[in-house]
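User: I have a chain here that I want to understand from its fold inward. Take me through it in short questions and answers.

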Amino acid sequence: MATSDPDTNSEPQPGDLIEIFRPAYQHWALYLGDGYIVNLTPVDETQAAAMSSVKSVFSRKAVVRIQLLKDVVGEDTFRINNKYDSSRTPLPVSEIIERAQLLIGQEVSYDLLGSNCEHFVTLLRYGEGVSEQATRAIGAISLMTAAASAFSVLGLINTRNRNRRF
């Protein structure tokens, strides 16, 4: 069911970032201890919706919930992934946990590119929200936009050349 970080083979520790591998994306949570995590869930969470943050994309709202890690992971896999520790200094664990506990039950805005579940947990751990998933998505969107613009310009040039009389 679950896998931990391949380098340490350790159990999650309070303040650790937990990356949960869903079929089409990664969901992120913050480990609180004793098997519990804090994570973003859809506002109208039902048991079926508890497994997915996808509904939040459409409602643009999410709720901060405390849940058992095993319940959130379900049949998926997870790993401890404090991947930004090499470039950012984690806050003291007591502060991370306190910040997380203050938010439990709060409704927050959700934006796939600017305020998603990875942004949420990295904000708790480092004091700064970052998301590689969002950065990659923004890069892909920018690339597609640039390509579309280039094709449009080429189309205009081609149209002008065809309309020229010699």
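User: How many bridges join β1 to β5, and how do the two strands run?
Analyst: This is a predicted model, in which local features need pLDDT of at least 70, side-chain atom pairs count only at pLDDT 80 or more, and totals for chains, interfaces and linings use all residues. Residues are numbered from 1 along each chain as its sequence is written, and side-chain values use heavy atoms, without hydrogens and water. Strands here are DSSP runs of E, at least two residues long, and helices are runs of H or I of at least four, both numbered from the N terminus. β1 and β5 run antiparallel, and the bridges joining them number four.

User: Which residue of β5 stands opposite Phe21?
Analyst: Strands of a sheet pair through backbone hydrogen bonds, either parallel or antiparallel. Here two strands count as paired if DSSP finds at least two bridges between them. Across from Phe21, in β5, stands Thr77.

User: What is the order of the strands in the sheet?
Analyst: The sheet is open and has six strands, with antiparallel pairing. β5 and β6 (107–109) stand at the edges with a single partner strand each, so one side of each lacks a neighbour in the sheet. On average, neighbouring strands are turned by 35° against each other, direction ignored. The order is β5-β1-β2-β3-β4-β6.

User: How many bridges join β3 to β4, and how many join β4 to β6?
Analyst: β3 and β4 run antiparallel, and Ile37 has Gln67 in β4 as its bridge partner. β4 and β6 are antiparallel too, with Val63 opposite Glu107 in β6. The counts are seven bridges for β3 to β4 and three for β4 to β6.

User: Which strands does α4 lie across, and at what angle does α4 run to β2?
Analyst: Axes are lines fitted to C-alpha atoms, for helices over the stretch in contact, and angles run from 0 to 180 degrees between N-to-C directions. α4 lies across β1, β2, β3 and β4. Its angle to β2 is about 30°.

User: How many of the residues of helix α4 are buried?
Analyst: Buried means under 20% relative accessible area, exposed means over 50%, and partly exposed lies in between (1.4 Å probe, protein chains only). Helix α4 covers residues 117–126 and is mostly covered. Its buried residues include Phe120, Val121, Leu124 and Tyr126, and also Glu118 and Arg125. The count is nine of ten.

User: What lies at the start of α4, and which residue follows α4?
Analyst: At the start, a side-chain oxygen of Asn116 comes to within 2.8 Å of the backbone nitrogen of Glu118. After α4 comes a residue with a positive phi, near 85°. That residue is Gly127.

User: Which parts of the chain does the salt bridge between Glu19 and Arg79 link?
Analyst: A salt bridge is a side-chain nitrogen of Lys or Arg within 4 Å of a carboxyl oxygen of Asp or Glu. In this pair the N to O distance is 2.9 Å. Glu19 is buried at 5% relative accessible area, whereas Arg79 is partly exposed at 28%. The two residues are 60 apart in sequence, and the linked parts are strand β1 (residues 17–21) and strand β5 (residues 77–80).

User: Why does the salt bridge of Asp76 and Arg22 tie together parts that are 54 residues apart in sequence?
Analyst: The side chains meet at 2.7 Å, N to O. Both residues are buried. Asp76 sits in the loop between α2 (69–73) and β5, and Arg22 in the loop between β1 and β2 (26–33), so the pair joins parts 54 residues apart.

User: Is Lys70, the partner of Asp71, buried or exposed?
Analyst: The closest N and O atoms of the Lys70–Asp71 salt bridge are 3.9 Å apart. Asp71 is partly exposed at 47%. At 52% relative accessibility, Lys70 is exposed.

User: Which residues is Leu69 in contact with, leaving aside neighbours within four places in sequence?
Analyst: Contact means heavy atoms within 4.5 Å. Leu69 belongs to helix α2 and is buried, at 8% relative accessibility. Its contacts are Pro12, Ile18, Tyr31, Gly35, Tyr36, Ile37 and Phe78.

Key: Polar contact = N/O pair within 3.5 Å; in protein donor to acceptor, adjacent residues only side chain to side chain.
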